[in-house]
Amino acid sequence: MKRTGLVWATAAALTVLGYTNMTPREQGTVIGAAIGAAAGAGIAAISGGNGWTGAAIGGVIGGTVGNIKGKNQ
């Protein structure tokens with residue numbers, strides 16, 4: 001259990017470090033994909049569908065919307 005926590009903490013730290021050197025468009029894409037994946041998985045789970053499929057579809061749609069929004073900033 002402690003090892004899993006260490007892996008998650010390391011992944012979070014690397015994500016934050018990598019995020020600082022991104023352009024607004026790249027940041028919008030990453031944030032949009034993350035939010036879309038979480039929303040897609042949640043909606044799929046609630047509606048009785050496959051969570052992984054919902055996450056994939058939500059991630060693609062969210063990433064696209066985030067990319068467009070970041071481009072306009």
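**Notebook: a predicted three-helix chain**

I began with Ile-61, which I found in helix H3, the helix that covers residues 51-71. I keep in mind throughout that this is a predicted model. I looked up how much of Ile-61 is accessible, and its relative accessible area came out at 52%; because the cut-off for exposed is over 50%, Ile-61 counts as exposed. I then asked which residues join Ile-61 in a nonpolar patch on the surface. They are Ile-57 and Val-65, and the three residues together offer about 290 Å² of accessible area.

**The chain as a whole**

I next counted secondary structure and noted three helices and zero strands, so that I could write the order along the sequence as α-α-α, in keeping with the DSSP runs. For overall dimensions, I recorded that the C-alpha atoms fill a box of roughly 35 × 35 × 10 Å along the principal axes. The radius of gyration is 14 Å, whereas a compact globule of 73 residues would have one near 11 Å.

I also looked at burial, and buried residues make up 18% of the 73 residues in the chain. The chain exposes about 5,400 Å², and carbon and sulfur atoms supply 73% of that area. Turning to contacts between residues at least 6 apart in sequence, I noted that 51% of them join residues at least 24 apart.

**Helix H2**

I checked the length of H2, which covers residues 24-47, against what its residue count predicts. At 1.5 Å a residue, its 24 residues should span 34 Å, and I found its end C-alpha atoms 34 Å apart, which agrees.

Which residues of H2 are buried? I listed Gly-28, Gly-32, Gly-36, Gly-40 and Ala-44, and I noted that the buried residues of H2 pack against H3. Ala-39, which also has its place in H2, has a relative accessibility of 39%; because this falls between the cut-offs of 20% and 50%, Ala-39 is classed as partly exposed. I then took the distance from Ala-39 to Gly-54, a residue 15 positions away along the chain, and their C-alpha atoms are separated by 8.1 Å. At the end of the helix I noted that H2 is followed by Gly-48, and that the phi of Gly-48 is positive, near 90 degrees.

**After H3**

I moved on to Gln-73, which lies in the segment after H3. Is Gln-73 buried or exposed? I recorded a relative accessible area of 63%, so Gln-73 is exposed. Looking for where this residue sits with respect to H2, I compared Gln-73 with Pro-24, and although 49 residues separate the two in sequence, their C-alpha atoms are 7.1 Å apart in space.

**Helix H1**

My last entry concerns Trp-8, which lies in helix H1, made up of residues 2-19. I had wanted to know whether the Trp-8 side is covered, and at 63% relative accessibility Trp-8 counts as exposed. I also took the distance from Trp-8 to Gly-70, which is 62 residues away along the chain, and the C-alpha atoms of the two are separated by 27 Å.

Conventions
Residues are numbered from 1 along each chain as its sequence is written. This is a predicted model: local features need pLDDT of at least 70, side-chain atom pairs count only at pLDDT 80 or more; totals for chains, interfaces and linings use all residues. Side-chain values use heavy atoms; hydrogens and water are left out. Patches are made of residues with over 30% relative accessible area and no salt bridge: like charges are joined within 9 Å, nonpolar side chains (Val, Leu, Ile, Met, Phe, Trp, Tyr) within 5 Å. Accessible areas come from the Shrake-Rupley method with a 1.4 Å probe; for residues, only the protein chains shown count as cover. A salt bridge is a side-chain nitrogen of Lys or Arg within 4 Å of a carboxyl oxygen of Asp or Glu. Helices (H or I, at least four residues) and strands (E, at least two) are DSSP runs, numbered from the N terminus. Buried means under 20% relative accessible area, exposed over 50%, partly exposed in between (1.4 Å probe, protein chains only). The expected span of a helix is 1.5 Å times one less than its number of residues. Contact means heavy atoms within 4.5 Å. The radius of gyration is taken over C-alpha atoms; the globule rule is 2.2 Å times the number of residues to the power 0.38.
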